[in-house]
Amino acid sequence: MGSNSASVAAPISDLTPSAQFSRPTYLMCSPQWYDVDYVINPWMAGNVHRPSRDVAFNQWKALYQHLQAIADVRLLHPRQGSPDMVFVGHAALVNHGVAAISSFAHAQRQTEEMHLRRWLQEHGFLLWETPRETAFEGEGDALFDADGQRLWAAHGVRTCRYSHQHVADAWHTRVTSLHLIDPRFYHLDTCFAPLAGGYLLYYPEAFDAASLELIESAYPAETRIAVSEAEATQFACNVINIGRKILMNPAGEPLRCLLTGHGFEVIETPLGEFLKSGASAKSLALRLSDVSVTHGVGVV
Ligand code: ARG
């Protein structure tokens, strides 16, 4: 052991895992065992065993390369028998080096939890567990605002409302619960994306009236970018946003122009094989760095 390694105590801030990430950092998991093996959302119906693993791999790799150009990307080893493990964004919610681990609603995805738990533990994250009875699906259903001050959490399909406060307590943060009402938009990240600069990309029809009021009172009209049903069904809200850059499945010229008009640079990469399982860009990467590092306008 080096002469000064054990004797000098490091400040606690240097010991927290978030200190490792001064750049936007994500975790991805390759689609080596990806398939639609079962039906747990409306998109999977009719698509059982229909994705091509070769095409999926090429699409995943293109996303990985785009993401790598603007962020650090770590990899989680895929496991046979967990075909949805590629959607690593649902297995936890991470901020400030603390990871709230998902408690998946469906048995088919529960096998994923232990693999991510182990990876996060080995990489120094503090783990915050959610009781099995209160389902919670990570970044699928819980998203921080761009400044990291407020957590938005959804219920109605997968995540149980009772998990919201418990998850928010991991960061002593304020949480606002939203009710999802359209089974096609079964996770918050299919219809709601806080963006850098205080913008919100969302599909209003996915929420009940009370939830829409909450959203509209938090985001002034000029910051809300509403997508159409046709765009929403191309998973236009399931985006990765780093500073001014947005990575997404192609959602058409009008939305591209709208986003560009708000100062974003849109990078489109086809993810059709993953749409068959009900997911797109955002679901394929779990944010590990702090929200403020990821959304900070000056990052890219
Ligand atoms: N097949 C996965 C599931 O149903 C896909 C999840 C996609 N989620 C999303 N937010 N896009 O759990």
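**View 1. Three strands make up an open sheet with mixed pairing.** Read across this sheet in the predicted model, and the strand order is 2-1-15. Strand 2, covering 72-76, sits at one edge, and strand 15, covering 286-287, sits at the other. Each of these two has a single partner strand, so one side of each is left with no neighbour in the sheet.

**View 2. Here strand 1 runs alongside strand 2.** Strand 1 takes in residues 25-29. Its pairing with strand 2 is parallel and goes over five bridges. To pick out a bridge by eye, start at Met28 and look across to strand 2, where Leu75 is its bridge partner.

**View 3. Now for the ligand and the residues around it.** There are 18 of these residues, and Asn41, Arg109, Arg158, Asp189 and Ser277 come nearest. Sorted by class, the shell is a mix: six residues are nonpolar, eight are polar and four are charged.

**View 4. Zoom in on polar atoms of Asn41, Ser277 and Gly278 beside the ligand.** On Asn41, an N or O atom of the side chain is 2.8 Å from an oxygen atom of the ligand. Ser277 also uses its side chain, with a polar atom 2.8 Å from a ligand nitrogen. With Gly278 it's the backbone that counts: an N or O atom there lies 2.9 Å from a nitrogen atom of the ligand. As for cover, the ligand taken alone exposes 340 Å², and the protein buries 100% of that.

**View 5. Last up is the space that the ligand takes.** Where does this space rank among the cavities? The space taken by the ligand is the second largest cavity.

Conventions. Residues are numbered from 1 along each chain as its sequence is written. This is a predicted model: local features need pLDDT of at least 70, side-chain atom pairs count only at pLDDT 80 or more; totals for chains, interfaces and linings use all residues. Side-chain values use heavy atoms; hydrogens and water are left out. A residue is near a molecule or strand if one of its heavy atoms lies within 4 Å of it. A polar contact is a pair of N or O atoms within 3.5 Å; within protein, one must be able to donate a hydrogen and the other to accept it, and residues adjacent in sequence count only if both atoms are side-chain atoms. Accessible areas come from the Shrake-Rupley method with a 1.4 Å probe; for residues, only the protein chains shown count as cover. On a 1 Å grid over the protein atoms alone, a cavity is a set of points where a 1.4 Å probe fits but cannot get out, and a pocket is an open set with protein on both sides within 12 Å along at least five of seven lines; lining residues have an atom within 4 Å of a point. A molecule sits in a cavity or pocket if more than half of its atoms lie within 2 Å of its grid points. Ala, Val, Leu, Ile, Met, Phe, Trp, Tyr, Cys and Pro count as nonpolar, Asp, Glu, Lys and Arg as charged, and the others, Gly among them, as polar. Two strands pair if DSSP finds at least two bridges between them. Helices (H or I, at least four residues) and strands (E, at least two) are DSSP runs, numbered from the N terminus.
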